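I opened a fresh page for this one and wanted to go through its sheet, strand by strand. Here is what I looked up, in the order I went.

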Amino acid sequence: MSMSEENPVTAEKPDSPVHMSGTDHVTIWGSNEADTVAFYRDLLGMPLVLRQPNLDDPSQTHLFFDTGDGRIITFFVSDDRPSNRGPQRGGVGAVHHLAFSFPPEEFENVMAALDADGRSYNVFDRGIFQSLYTHDNNGLVIELATDKFAIPDDRRGEVLAKTQEIREAAGAQFAEEEHMAQALEELGLPAEPTDLPDAATGTGVD
């Protein structure tokens, strides 16, 4: 039995003992409060909604940011820790990158904000969405992604699973814009693509 047969892609809930209702928060080991707030609040526009001691280690501060839809990202910070813009360590169990979404009409504004902040970035067309990649104050890869189509949040998993089905039937290497457009149409959803700049797919897959 192949892996795709053993682990089929589907939006149906699995036969598991429990089911989660969503992502509550993700917590990152941060550097200091000033640099963390400067990047996540002052550049990316995430409100700082809660500050309290790290309950496991009160010598540290626990910062809570609203990423834009009520989902929270938090950081353990301490003023004696300088930021480190060097590369992050990889490996099994490590975080590869964090991805945050923004409206497609803000694409040029996002690039301008990164430019004004002196941050380098890359723009890639990922087939069914488009992304800018940069780094936070500690060198963690940050993806800023925007959808090519308007997808209702409560149907995102369904749309992606249908896109996967169409991609596999087409024998394509990765999900492309045409596969998602067809998926949306089959699911009775609007399939009007947004206007985004042309970009390469990035290294590895063309």
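Before counting anything, I reminded myself that two strands pair if DSSP finds at least two bridges between them. I also noted that this is a predicted model.

**Entry: β7 and β8.** I began with strand β7, residues 129-135, and found that β7 and β8 pair in the antiparallel sense over 7 bridges. Across this pairing, Tyr 133 stands opposite Glu 143 in β8. I then followed the hairpin that β7 and β8 form and found 5 residues between the strands. In that hairpin Gly 139 has a positive phi, near 85 degrees.

**Entry: β8 and β5.** Next I asked myself which way β5 and β8 run, parallel or antiparallel. They run parallel, with 5 bridges joining β5 to β8, whose residues are 141-147. Here I saw Phe 100 standing opposite Leu 144 in β8. I checked burial too: β8 is mostly covered, with 5 of its 7 residues buried, that is, under 20% relative accessible area.

**Entry: the sheet as a whole.** Stepping back, I wrote down an open sheet of 4 strands in the order β5-β8-β7-β6, with mixed pairing. Its edge strands are β5 (97-101) and β6 (122-125), and each of them pairs on one side only. Last, I looked up the twist: neighbouring strands of this sheet are turned by 25 degrees against each other on average, direction ignored.

Terms used: Residues are numbered from 1 along each chain as its sequence is written. This is a predicted model: local features need pLDDT of at least 70, side-chain atom pairs count only at pLDDT 80 or more; totals for chains, interfaces and linings use all residues. Side-chain values use heavy atoms; hydrogens and water are left out. Helices (H or I, at least four residues) and strands (E, at least two) are DSSP runs, numbered from the N terminus. Axes are lines fitted to C-alpha atoms, for helices over the stretch in contact, and angles run from 0 to 180 degrees between N-to-C directions. Buried means under 20% relative accessible area, exposed over 50%, partly exposed in between (1.4 Å probe, protein chains only).
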